[in-house]
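User: Please take a close look at one helix pair in this model and explain how the two helices meet.

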Amino acid sequence: MTSGISRRARMLTVAVGTSVLVPLVAAATPAAAAPPAVTCTSAKAGLAAKLTKDITAALATRKGTVAVGLHDRSTNTTCTLRAGSAYDSASVVKVTVLATLLWDAKKTNRYLTDREAGLAKAMITKSDNAATSTLWKQLGLTKIKNFLKAAGMTQTKPGADGYWGLTQITVTDEQKLLKLITGKNAVLSDSSRAYILKLMGQVVSSQRWGTPYGVPSGVTVAVKNGWLQRSSNGWRVHSVGAFKGGGHDYVMSVLTHGNSTMNYGIATIQAVAKVIHRDLAAS
């Protein structure tokens with residue numbers, strides 16, 4: 001009996017000659033591609049190099065696939081890792097749902113109804129899934145897609161058939177959304193932005209893990225997390241947050257999948273968040 005390579009080599013030899021054997025064997029074991037690297041830039045001397053080194057070290061022993069986004073307006077600092085990689089959104093998409101609701105209400109110059117406000121609060125502060133499904137259905141895919149277009153979130157693909165938790169998101173788009181929420185713009189009104197930040201600042205204590213980990217005292221925190229287990233890629237565990245104070249104004253997104261447990265994913269996110277808060281506070 002001949003090996004698979006030998007059979008393929010022999011068949012190819014008939015077609016193109018005996019010289020094919022060596023290149024065929026070489027092509028069967030290509031060199032492994034280098035993993036994506038953390039990339040940082042900053043107007044603050046030394047900060048980009050420090051963040052690059054520390055985020056890389058924080059992830060060095062962690063399993064799973066991690067994407068990171070950071071932007072600090074105060075020092076014009078940006079860090080990225082796998083910024084364009086797509087992840088199942090889980091509950092992180094709830095911030096997009098609220099932003100869409102407010103954006104749509106603004107277009108018709110109306111306030112949220114008491115019912116909508118109640119659903120929005122439950123969706124963000126307690127990550128209530130039923131409230132989210134109600135608002136997702138009310139808005140419909142057309143309005144959600146129109147908001148994404150207005151926000152420039154071209155990499156976000158809403159989940160089909162009501163499965164909002166399977167919306168495909170990227171760090172690039174989550175950072176765009178956080179920047180819209182935290183800075184004056186033509187998409188979201190000032191009152192809408194303040195409302196979103198207020199609810200993200202009122203998330204129940206059991207769900208305030210992730211990107212707020214290690215935040216310095218005196219810095220305000222707005223956060224939304226997501227977690228979802230599926231048969232492939234294990235646990236998806238995500239955290240997006242906005243932070244202001246101590247001379248800094250920054251937004252952070254950490255998306256992960258391939259985690260063995262939810263807690264493992266949380267620990268990975270918090271390892272990244274801890275060094276980011278520390279390095280910015282020291283700058």
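**Where two helices meet**

Analyst: In this predicted model, Arg115, Glu116, Leu119, Ala120, Ala122 and Met123 of helix α5 are in contact with Ala131, Thr132, Thr134, Leu135 and Gln138 of helix α6. Sorted by class, the residues of this contact are 6 nonpolar, 3 polar and 2 charged.

The geometry of the pair can now be described. Helix α5 covers residues 114-125 and helix α6 covers residues 129-151. Their axes lie 8 Å apart and form an angle of about 130 degrees. An angle between 115 and 145 degrees counts as oblique, and therefore α5 and α6 are oblique to each other. The crossing of α5 past α6 is left-handed.

One residue of α5 deserves separate attention, namely Gly118, which is placed in that helix. Its relative accessibility is 40%, so Gly118 counts as partly exposed, since that class lies between the limits of 20% and 50%. The C-alpha atom of Gly118 is separated by 8.6 Å from that of Ala131, and the two residues are 13 residues apart along the chain.

The nonpolar interior of the model provides a wider setting. The largest nonpolar core has 76 residues. Those with the most contacts inside this core are Leu51, Ile55, Leu98, Phe147, Leu188, Ile196 and Ile276. For Ile55, the contacts beyond its neighbours within four places in sequence are with Val38, Cys79, Val272, Val275 and Ile276.

How values were computed. Residues numbered from 1 in each chain as written. Predicted model: local features only at pLDDT ≥ 70, side-chain atom pairs only at ≥ 80, totals over all residues. Heavy atoms only, no water. Core = buried A, V, L, I, M, F, W, Y, C linked by side-chain atoms within 4.5 Å. Buried < 20%, exposed > 50% of the residue type's maximum accessible area, 1.4 Å probe, protein only. Contact = heavy atoms within 4.5 Å. Axes fitted to C-alpha atoms, helices over the stretch in contact; angles between N-to-C directions. Helix = DSSP H or I, 4+ residues; strand = E, 2+ residues; numbered from the N terminus. Parallel < 35°, antiparallel > 145°, perpendicular 65-115°, else oblique. Left-handed = near helix turned anticlockwise from the far one by under 90°. Nonpolar A, V, L, I, M, F, W, Y, C, P; charged D, E, K, R; others polar.
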